[in-house]
Amino acid sequence: MRADKYLAQAGLGTRSEIKKMIRAGRVTLDGAAVRDPGLRVPEGGDLRLDGNPVAYEAFVYYMMNKPAGIITATRDGREPTVLDLIEEPRRKDLFPVGRLDRDTEGLLLITNDGALGHRLLAPGRHVDKVYYARVRGEITQEHARLFAGGLKVDETLTAMPAELKILGLSRENGETVTEAEVTIREGKFHQVKRMFAAVGGEVLYLKRLSMGSLRLDPSLLPGEWRRLTQEELDGIIMGTGGQPS
Ligand code: URA
């Protein structure tokens, strides 16, 4: 890999900042100053910035609080995607693990670890996903029993048993609004919205709170992101049958 790319992927700056570091003689490879940003770093090469070894990261993991109004996709010619919110020197191989609708907020895992993404999304894995929802209409314990029994949503979907916790009811503009938390174990298209619609509710606001052991950091505002901690990463790796690093 080129020296400038290697340094960018280690999160040490943008390509132009890195070119400046190289021009200033701050980068060495096996003890010799690197002058050409395109110089190839061989496997096992000792690349250093200001004398400090540069750790190359094969995989990166971000937690994002997805804002409403942004699509969950890798690239879209016409409009920004969740990946455009990550301003670090951005790797080209990042992808969001699973999809949230344009108007849904909350926890999104973004990584370039294809094997982990695959395990988290595998249909047989049934990773718990918890959502907070505000729903137009009165949702009751009877609906919670229907959710728990495996709700028939429509001709194409009978949901797996889901846990529905009713948090409260309020009146807004003369209408009843229910606040609820729902845990689903699969991820079918518009699943939560369709489940509430099947019992006569309309989702007004939806936010994902967790996925397996990974919980949305409450200090992240919509649109903000951070790297996963080692503990969070080990938790999701172990939860999907992998070995922690
Ligand atoms: N269920 C939905 O209906 N929408 C989402 O974005 C996620 C789950």
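A strand, as I use the word this morning, is a DSSP run of E of at least two residues, and strands are numbered from the N terminus. With that term in place, I turn to the protein before us, which is a predicted model.

Allow me to start with one residue. Tyr61 belongs to strand β5, which covers residues 61–66. Is Tyr61 buried or exposed? Its relative accessibility is 10%, and because the cut-off for buried is under 20%, Tyr61 counts as buried. What surrounds Tyr61, once its neighbours within four places in sequence are set aside? Its contacts are Ile110, Thr111, Asp113 and Leu116, together with Arg226, Arg227, Leu228 and Leu233. As for Arg78, that residue is 17 residues from Tyr61 in sequence, and their C-alpha atoms are 26 Å apart in space.

The domain assignment is useful here. Domain 1 takes in residues 3–53, domain 2 is written as 61–123 + 213–239, and domain 3 runs over 128–211. How far apart do domain 1 and domain 3 lie, judged by their C-alpha centres? The distance between those centres is 51 Å.

My second residue is Gln191, located in helix α5, residues 191–198. Gln191 has a relative accessibility of 3% and therefore counts as buried. Outside its neighbours within four places in sequence, Gln191 makes contact with Ala159, Ile184 and Glu186.

Let me now step back to the whole chain. The secondary structure consists of six helices and 15 strands. Along the principal axes, the C-alpha trace spans about 70 × 40 × 30 Å. The radius of gyration is 22 Å, whereas a compact globule of 245 residues would have a value near 18 Å.

On burial, 44% of the 245 residues are buried. The protein exposes about 12,800 Å², of which carbon and sulfur atoms supply 51%. Turning to contacts with a separation of 6 or more, 61% of them are between residues 24 or more positions apart.

Finally, the charges. There are 36 positive and 35 negative charges in the protein, and the mean positions of the two sets are 4 Å apart.

To close, I would leave you with the two residues: Tyr61, buried at 10% relative accessibility, and Gln191, buried at 3%. Thank you.

How values were computed. Residues are numbered from 1 along each chain as its sequence is written. This is a predicted model: local features need pLDDT of at least 70, side-chain atom pairs count only at pLDDT 80 or more; totals for chains, interfaces and linings use all residues. Side-chain values use heavy atoms; hydrogens and water are left out. Helices (H or I, at least four residues) and strands (E, at least two) are DSSP runs, numbered from the N terminus. The radius of gyration is taken over C-alpha atoms; the globule rule is 2.2 Å times the number of residues to the power 0.38. Buried means under 20% relative accessible area, exposed over 50%, partly exposed in between (1.4 Å probe, protein chains only). Contact means heavy atoms within 4.5 Å. Accessible areas come from the Shrake-Rupley method with a 1.4 Å probe; for residues, only the protein chains shown count as cover. Lys and Arg count as positive and Asp and Glu as negative; His and the chain ends are not counted. The place of a charge is taken as NZ of Lys, CZ of Arg, CG of Asp or CD of Glu. Domain bounds come from an automatic or database domain assignment.
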